[in-house]
Amino acid sequence: MPDFSEGVLLRVQMSPVETLVRIAEALGRFSARFVPSSFAIAVLLSLLTMGLAMGWADSPPGKVVDAWGGGFWELLTFSMQMALVMFTGYLLALTRPVRAVLEHLAGLARSPRGAVVLMASVSMGLAYINWGLSLVASAMLVRFVVRRQPEVDYRLLVACAYFGLGATWHAGLSASAPLLVATPGHFLEKQLGLIPIDRTLFSPFNLGLTVAVVGGLTLLAWALHPRPGAAVRVDPAILEQLKDFEPPVRPREKSLAVWMDFSPLLNVVFGALGLLWFGRHLWLHGGWKAINLNVVNFLFLTLAVLLHGTPARLLKASEEAASVLHGIVLQFPLYAGIYGIFKATGLTERIGHLFVSLSTTQTFPAIVYLYSGVVNYFVPSGGSKWAIEAPYLLEAARTLGVAPEKVVLAYAWGDMATDLIQPFWALPLLAVARLDFKDILGFLLVAFFVYLPLVTLAFFLW
């Protein structure tokens, strides 16, 4: 009896911070035991989507299978772009100047808690500027921070590196849907016209909500770090894999081939040409507004070639950079297959009409937010998905008397919300960190359960 009373007293006295940590740890144990690998999740989502298409959208099995197999190749361009984002970013991070910057940035963290706060802030800040930059830089920063702060909870550190993809990117400067509807000639211009970004991205609502989310998740990162001694430290084997890049040794033999491979001449020429093209592209196409995924990849590759100095060093670094691409190559086609089912069977319209039928003028933005999050879990591709969903969502908004910019922002926020608990975008980060999605899911679930009600309430009030 006395032991029982003491246990009750301890639970009563537990602070909210300790409760959050306990919840995260419990969810982590659950995910480690019951959540399969990222590949298994993709297969299970494929089977679930097939079942929904046949059972709810009344699509014949043959049509569903055809849509699934044909869809595998729908995102080939995007998959290559994503592979190059990770590959060129990794190459750039292995150069001496960028490593020096990352080392300095990692040194700003003075404690394990400071490390996760730094990581969350950098991830969300960079994602607001460009989601690809956040994906790459956050993944690279993990390796430098954990070497400076080996006492940090490694799972939480990696989870915080993923915050930007679930909290700020589609509210920031690389947001797919808001930028698309502000671009002359977009596919809905006749129906919708142009919606300038001062009504979406730079609206007081979007800016205020972004600040609130960044502040809330940064504070949550601080609160979630376990007490000293209870943190799960990085595995020494992983730490060994994150060691410094070792450049190649120049052979003693003297030949034209060796001279060319270890001379900076070709790298300088390539880098100069690349920077010339990049400058002309910005000059001719409207400055920073002309920056897209292909331009970012081109710039990253150009800088990597220039800063590595020699072809030999670049090739040696590329061997290490290529080691993180397996998740993208293996799993992106599966999500493209899911996208093919949604696109060909009318499943997206069924889900959309269900949510619209539950809406009123006051609740429609919040319903769109939740709907977009549900579909995003199956089809995590903001721009492609917008092309499927926008026509009937905007028509419903017109019928209900809801301003179209509210639909665009609700879609954008919902589209990134479930990224927090979806392994698709985390694959490059996980490859660099040498973890699986289930290792960080516990902390991400806590962040999601804090984040979702906050943003849902904001859209209900709006």
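Phe 332, Tyr 335, Phe 424 and Trp 425 together make up one aromatic cluster in this predicted model. The rings of the structure as a whole give 12 aromatic pairs.

One of these pairs joins Phe 205 to Phe 459, with the ring centres 5.1 Å apart and the planes at 65 degrees, an edge-to-face arrangement. The two residues belong to distant parts of the chain: Phe 205 lies in helix α13, which covers residues 204-224, and Phe 459 lies in helix α25, which covers residues 437-461. Their separation along the chain is 254 residues. Phe 205 counts as buried because its relative accessibility is 18%, and the cut-off for that class is under 20%. Phe 459 has a relative accessible area of 0%, so this residue is buried too.

Within the cluster, Tyr 335 and Phe 424 form a pair that is also edge-to-face, at 4.9 Å from centre to centre and with 80 degrees between the planes. This contact again links distant parts of the chain, 89 residues apart. Tyr 335 sits in helix α19 (residues 326-345), whereas Phe 424 is found in the loop between α23 (404-417) and α24 (427-433). Tyr 335 and Phe 424 are both buried.

A contact of another kind involves Trp 222. The charged end of Arg 113 is placed over the Trp 222 ring, at 4.6 Å from the ring centre.

Notes:
Residues are numbered from 1 along each chain as its sequence is written. This is a predicted model: local features need pLDDT of at least 70, side-chain atom pairs count only at pLDDT 80 or more; totals for chains, interfaces and linings use all residues. Side-chain values use heavy atoms; hydrogens and water are left out. Rings of Phe, Tyr and Trp (its six-membered ring) pair if their centres lie within 6.5 Å; planes under 30 degrees apart count as stacked, over 60 as edge-to-face and the rest as tilted. Helices (H or I, at least four residues) and strands (E, at least two) are DSSP runs, numbered from the N terminus. Buried means under 20% relative accessible area, exposed over 50%, partly exposed in between (1.4 Å probe, protein chains only). A charge sits over a ring if NZ of Lys or CZ of Arg is within 6 Å of the ring centre and within 35 degrees of the ring normal.
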